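Welcome! Please take a moment with the sequence and the 3D view below, and then read on for a short guided tour.

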Amino acid sequence: MERVLADVLRDQRNLGNKGDGNWKAVAYSTATQILSKRFGVHLMADNVKNRFKLWRTWYGIVSDILSQSKFDWDSTKYMITVENEIAWNEHVKSHEEVKRFRFKVIPNWDDIVDLCAKDRATGLGAENALDADDIMSKETNEEEAIHSVIFYLEGSSSVTRKNIHPSKSGEKEGMISSMKEVAESLKEFVEVTKKKMENKKKMEIKEAQEVVHEVVSELDNIPNSNGALPHRTIDWLTENLIKFAIIKALPLDEKEDYISSFMP
């Protein structure tokens with residue numbers, strides 16, 4: 001979903017729908033419509049706006065970290081690499097908000113750089129420290145709920161719990177952040193799949209009712225279709241729609257003979 005959102009925003013940028021550091025309303029509405037239709041979910045413009053704001057915050061924090069000489073970016077693992085843990089711990093002391101980014105996996109980092117770097121360079125639309133703290137605080141508040149989702153999906157055995165609670169606090173926070181993203185994706189997938197299955201079932205029932213109604217109407221036009229024959233015929237034709245199509249195409253005086261000849 002984030003890849004699609006990034007592609008849509010790039011298209012909107014090329015169309016000139018990004019102003020001075022902020023996207024125009026048409027960009028948000030277009031992204032909302034495309035994502036909602038593509039993934040079968042109901043999104044609002046604020047969902048897209050808040051997600052991009054989060055990307056911009058991530059970019060600001062991570063780019064600041066990478067500006068330090070002892071930190072780098074692993075383009076294979078999509079996370080920050082640290083040559084010296086002591087240097088990292090020293091950096092965290094004066095930048096508490098970056099702690100969770102030690103093991104945070106950001107698969108769409110290239111998209112974030114592409115869409116946010118210019119804003120950062122010009123200072124337009126950049127989040128201030130208060131905004132960043134607010135966003136990071138909201139992420140923290142969601143972690144407990146996400147844990148519940150993970151436990152539900154993975155099971156509550158002691159082995160599972162042990163595996164998702166690393167001993168190092170920094171590693172734990174990185175795992176929590178990664179699991180949060182996985183849990184969000186899984187939750188959306190489950191909701192979309194459930195909705196599709198419900199809609200499919202409703203369509204199947206509706207289609208079956210329409211077929212039965214059409215078969216009964218057709219049999220009403222065939223002479224001598226009374227007694228037990230209509231019930232057997234209805235059952236046979238609803239299970240053999242090709243036979244039913246043939247009967248509908250035959251002249252009226254040949255329909256009864258066809259049924260008598262081919263129905264078991």
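**Aromatic pairs and the wider picture**

The structure holds six aromatic pairs. One of them is formed by Trp-23 and Phe-52, which meet edge-to-face, with 5.6 Å centre to centre and 90 degrees between the planes. Please keep in mind that this is a predicted model.

**Rings that meet**

- Trp-23 sits in the loop between H1 and H2 while Phe-52 belongs to helix H3, so their pair ties together parts that are 29 residues apart in sequence.
- Trp-23 has a relative accessibility of 6% and counts as buried, because buried means under 20%.
- Phe-52 counts as buried too, at 2% relative accessibility.
- Another pair to look for is Tyr-59 with Trp-109: the ring centres are 5.7 Å apart and the planes are at 25 degrees, so this pair is stacked.
- Tyr-59 is part of helix H3 and Trp-109 is part of helix H5, so the pair ties together parts that are 50 residues apart in sequence.
- Tyr-59 and Trp-109 are both buried.
- Ring pairs also join Trp-23, Phe-52 and Trp-55 into a cluster.

**Charges over rings**

- Arg-102 lies over the face of Phe-103, and the distance to the ring centre is 4.4 Å.
- Lys-104 lies over the face of Phe-101, at 5.9 Å from the ring centre.

**The chain as a whole**

- There are 11 helices and two strands in the chain.
- Following the sequence from start to end, you meet the pattern α-α-α-β-β-α-α-α-α-α-α-α-α.
- The chain has 264 residues, and 35% of them count as buried.
- Among contacts with a separation of 6 or more, 61% are between residues 24 or more positions apart.
- About 16500 Å² of the chain is exposed, and carbon and sulfur atoms supply 53% of that area.

**The nonpolar cores**

- The largest nonpolar core has 36 residues, and the ones that touch the most other members are Trp-55, Ile-65, Ile-80, Phe-101, Ile-106, Ile-112 and Leu-115.
- At least two residues of this core come from each of helix H1 (2-14), helix H2 (25-39), helix H3 (45-66), strand S1 (71-74), strand S2 (79-82), helix H4 (85-94) and helix H5 (109-122).
- Helix H3 gives the most to this core, with nine residues.
- Ile-106 is a good residue to click on: leaving aside its neighbours within four places in sequence, Ile-106 is in contact with Trp-58, Val-62, Trp-73, Tyr-78, Phe-101 and Ile-112.
- Apart from the largest core lies another core of 10 residues, including Val-215, Ile-222, Ile-247 and Ile-259.

**Glu-218 and its partners**

- Glu-218 is found in helix H8, which covers residues 169-220.
- Is Glu-218 buried or exposed? At 15% relative accessibility, Glu-218 counts as buried, because the limit for buried is under 20%.
- The side chains of Glu-218 and Lys-255 are joined by a polar contact of 2.8 Å.
- Not counting residues up to four places away in sequence, Glu-218 touches Phe-244, Ile-247, Lys-248 and Lys-255.

**Tyr-78 in its loop**

- You will find Tyr-78 in the loop between S1 and S2.
- Tyr-78 has a positive phi of about 60 degrees although it is not a glycine.
- For background, most residues other than glycine have a negative phi.
- Tyr-78 has a relative accessibility of 34%, so this residue counts as partly exposed.
- Tyr-78 is also one of the residues in contact with Ile-106.

**Ser-29 in helix H2**

- Ser-29 has its place in helix H2.
- At 29% relative accessibility, Ser-29 counts as partly exposed.
- Which backbone oxygen does the side chain of Ser-29 reach? The side chain of Ser-29 reaches the backbone oxygen of Val-26, at 3.0 Å.
- Ser-29 and Leu-43 are 14 residues apart along the chain, and their C-alpha atoms are separated by 9.7 Å.

How values were computed
Residues numbered from 1 in each chain as written. Predicted model: local features only at pLDDT ≥ 70, side-chain atom pairs only at ≥ 80, totals over all residues. Heavy atoms only, no water. Core = buried A, V, L, I, M, F, W, Y, C linked by side-chain atoms within 4.5 Å. Buried < 20%, exposed > 50% of the residue type's maximum accessible area, 1.4 Å probe, protein only. Helix = DSSP H or I, 4+ residues; strand = E, 2+ residues; numbered from the N terminus. Contact = heavy atoms within 4.5 Å. Areas by Shrake-Rupley, 256 points an atom, 1.4 Å probe, with all protein chains shown as cover. Phe/Tyr/Trp six-rings, centres within 6.5 Å; stacked < 30°, edge-to-face > 60°. Lys NZ or Arg CZ within 6 Å of the ring centre and 35° of its normal. Polar contact = N/O pair within 3.5 Å; in protein donor to acceptor, adjacent residues only side chain to side chain.
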